[in-house]
Amino acid sequence: MGFFDELKQGGDISFRGMRNAARLLTDELSASERESVFDSLCRGTAVLTEERQLNQYLCSFGPMHEAKLRQAFSFLKTLMDIGQGYVEVLDWGCGQGVATVCLLDHLRERGIRHNIRRVTLIDSSAEALSR
């Protein structure tokens with residue numbers, strides 16, 4: 001089963017759901033395969049080129065990214081309370097879109113209405129963008 005199948009089956013379209021789907025797929029690898037994939041991430045700085053790396057990245061570095069994003073978003077109480085016009089999210093260096101997904105989770109969890117009408121994701125990893 002692939003990432004999207006796991007995500008849909010889990011029924012949780014959120015960052016947590018993404019991590020859970022990635023974890024299930026990563027757990028299917030042997031310990032030596034997981035270690036090899038983890039090493040290929042170069043401490044999170046490598047351009048990801050295969051699905052196993054995408055999954056391992058979410059498992060290994062996802063909690064850190066989520067924590068720092070939630071901390072940053074806590075200072076943006078009125079960001080989406082603009083009320084006029086539309087908002088476009090430009091996620092430069094987005095990887096798998098972690099920041100955008102965490103932003104949408106943050107808004108949904110707090111019942112914050114938003115005017116996001118467009119999201120633009122930019123990254124050097126075609127594999128990450130395709131996810």
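Begin by selecting Arg131 and Phe3: the charged end of Arg131 sits over the ring of Phe3, at 3.6 Å from the ring centre. The model on display is a predicted one.

Keep Phe3 selected and add Phe4. These two residues form an aromatic pair with an edge-to-face arrangement, in which the ring centres are 5.6 Å apart and the planes stand at 75°. Phe3 counts as buried, because its relative accessibility is 4% and the limit for that class is under 20%. Phe4, at 46% relative accessibility, counts as partly exposed.

The structure holds three aromatic pairs. For another of them, select Phe38 and Phe61. Their ring centres lie 6.1 Å apart and their planes meet at 15°, so this pair is stacked. Where does each partner lie? Phe38 belongs to helix α3 (residues 31-40) and Phe61 to helix α4 (residues 51-73), so the pair ties together parts that are 23 residues apart in sequence. Phe38 is partly exposed, with a relative accessibility of 37%, whereas Phe61 is buried at 14%.

Next, add Tyr57 to the selection. Ring pairs link Tyr57 with Phe38 and Phe61 into a cluster.

Finally, turn to the surface and select Val119, Leu121 and Leu129. Together these residues make a nonpolar surface patch of about 210 Å². To place Val119, display strand β2, which covers residues 116-122 and contains Val119. Is Val119 buried or partly exposed? Its relative accessible area is 37%, so Val119 is partly exposed. That value also meets the requirement for patch residues, which is a relative accessible area of over 30%.

Definitions and conventions. Residues numbered from 1 in each chain as written. Predicted model: local features only at pLDDT ≥ 70, side-chain atom pairs only at ≥ 80, totals over all residues. Heavy atoms only, no water. Patch = residues over 30% accessible without salt bridge, like charges linked within 9 Å, V, L, I, M, F, W, Y side chains within 5 Å. Areas by Shrake-Rupley, 256 points an atom, 1.4 Å probe, with all protein chains shown as cover. Salt bridge = Lys/Arg side-chain N within 4 Å of Asp/Glu carboxyl O. Helix = DSSP H or I, 4+ residues; strand = E, 2+ residues; numbered from the N terminus. Buried < 20%, exposed > 50% of the residue type's maximum accessible area, 1.4 Å probe, protein only. Phe/Tyr/Trp six-rings, centres within 6.5 Å; stacked < 30°, edge-to-face > 60°. Lys NZ or Arg CZ within 6 Å of the ring centre and 35° of its normal.
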